[in-house]
Amino acid sequence: SLHNVDMTIEQIKEFVERGYDLAVISEMNLATPHKVLRYLRENEEIHNVSVLYKDYLNMMRAQGNTFERESAVFPRELVRRHDELVDLQNKEKNKNRIKEALRDYPEIKERFRVYSSIYQFEANGYVICVPRDAADIVREGQVLHHCVGGNNYLSKHSRGESVILFLRKKDHPKKRYYTLEVQGQEVRQAYGAHDKKPNWEEVSEVIEEFKRNVLLRTERRAV
């Protein structure tokens with residue numbers, strides 16, 4: 001708070017006039033108010049620089065940084081360092097999410113062999129694959145930035161209410177491309193990166209063949 005920070009009236013006035021987030025004042029124990037204000041001025045071209053700076057300091061502290069070096073308090077490239085910390089934070093969240101999914105949905109791994117014998121398919125330069133475990137589905141959502149890795153889809157797949165499948169190009173089977181949700185004899189949903197619909201001119205033929213040769217010939221039953 002302001003009561004715990006040794007700032008002049010002029011410095012407080014400048015802070016307010018420039019529209020800096022007052023929450024960053026709590027970080028003044030890391031350096032003098034003069035240095036903090038100078039740093040914010042030097043980076044004023046950055047949108048909401050004081051908010052970004054506060055986020056940066058919070059993430060550094062969460063990583064265990066004690067700010068012994070001035071370069072840690074005042075990074076040369078604030079946006080780049082901020083974004084690197086966000087990426088690191090997201091990686092940790094992703095790891096934790098995968099651990100949770102493996103713990104909560106072991107049935108997905110148990111269903112892999114049976115589902116592979118039913119749904120594994122190849123045609124027209126494409127392959128349709130079955131996820132090996134819950135982690136496989138979560139990673140699909142993380143890489144393609146859509147919601148398939150959420151508990152709703154994991155739960156339905158683990159209970160056999162619907163089946164999540166991966167559509168890949170045969171030449172690049174490890175590269176994530178489109179995600180399918182199958183229910184009964186229908187492909188209920190198909191999504192690519194960022195929830196975009198597939199290029200149907202490109203993949204409709206393989207999906208129709210999959211329906212004819214797999215879904216319509218398979219008498220669905222609980223596994």
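Leaving aside its neighbours within four places in sequence, with which residues is Tyr 56 in contact? In this predicted model, the partners of Tyr 56 are Ser 71, Ala 72, Val 73, Pro 75, Leu 78, Arg 81, His 82 and Leu 85. Tyr 56 also belongs to the largest nonpolar core, which has 24 residues. Together with Phe 15, Leu 40, Tyr 53, Phe 74 and Leu 78, Tyr 56 touches the most other members of that core. At least two residues of the core come from each of the helices α2 (33–42), α3 (49–62), α4 (70–73) and α5. The greatest contribution is that of α3, which supplies seven residues. Another core, of 21 residues, lies apart from this one and includes Ile 128, Leu 167, Val 182 and Ile 207. In soluble globular proteins, nonpolar side chains tend to be buried together.

Helix α5, which spans residues 78–104, also packs against helix α7, residues 134–144. The two axes are 8 Å apart and form an angle of about 145°, and the crossing is right-handed. On the α5 side, the contact is made by Asn 94, Arg 97, Ile 98, Ala 101 and Leu 102. Helix α7 contributes Ala 134, Ala 135, Val 138, Arg 139 and Gln 142. By residue class, this contact of α5 with α7 comprises six nonpolar, two polar and two charged residues.

The model further contains an open sheet of five strands, arranged in the order β1-β2-β3-β4-β5 with antiparallel pairing. Strands β1 (121–123) and β5 (186–191) each have a single partner strand, so one side of each of these edge strands is left without a neighbour in the sheet. On average, and with direction ignored, neighbouring strands are turned by 25° against each other. The partner of β5 is β4, residues 178–183; these antiparallel strands are joined by five bridges. Within this pair, Gln 183 of β4 is placed opposite Glu 186 in β5.

Two helices that pack on the sheet were examined. Helix α7 touches β3 (163–169) and β4, and the direction of α7 makes about 55° with that of β3. Helix α8, residues 151–159, touches β3, β4 and β5. The direction of α8 makes about 105° with that of β3. Helix α7 thus packs on the sheet and also against α5.

Definitions and conventions
Residues are numbered from 1 along each chain as its sequence is written. This is a predicted model: local features need pLDDT of at least 70, side-chain atom pairs count only at pLDDT 80 or more; totals for chains, interfaces and linings use all residues. Side-chain values use heavy atoms; hydrogens and water are left out. Axes are lines fitted to C-alpha atoms, for helices over the stretch in contact, and angles run from 0 to 180 degrees between N-to-C directions. Helices (H or I, at least four residues) and strands (E, at least two) are DSSP runs, numbered from the N terminus. A crossing is left-handed if the near helix is turned anticlockwise from the far one by less than a right angle, and right-handed if clockwise. Contact means heavy atoms within 4.5 Å. Ala, Val, Leu, Ile, Met, Phe, Trp, Tyr, Cys and Pro count as nonpolar, Asp, Glu, Lys and Arg as charged, and the others, Gly among them, as polar. A nonpolar core is a set of buried Ala, Val, Leu, Ile, Met, Phe, Trp, Tyr and Cys residues joined through side-chain atoms within 4.5 Å. Buried means under 20% relative accessible area, exposed over 50%, partly exposed in between (1.4 Å probe, protein chains only). Two strands pair if DSSP finds at least two bridges between them.
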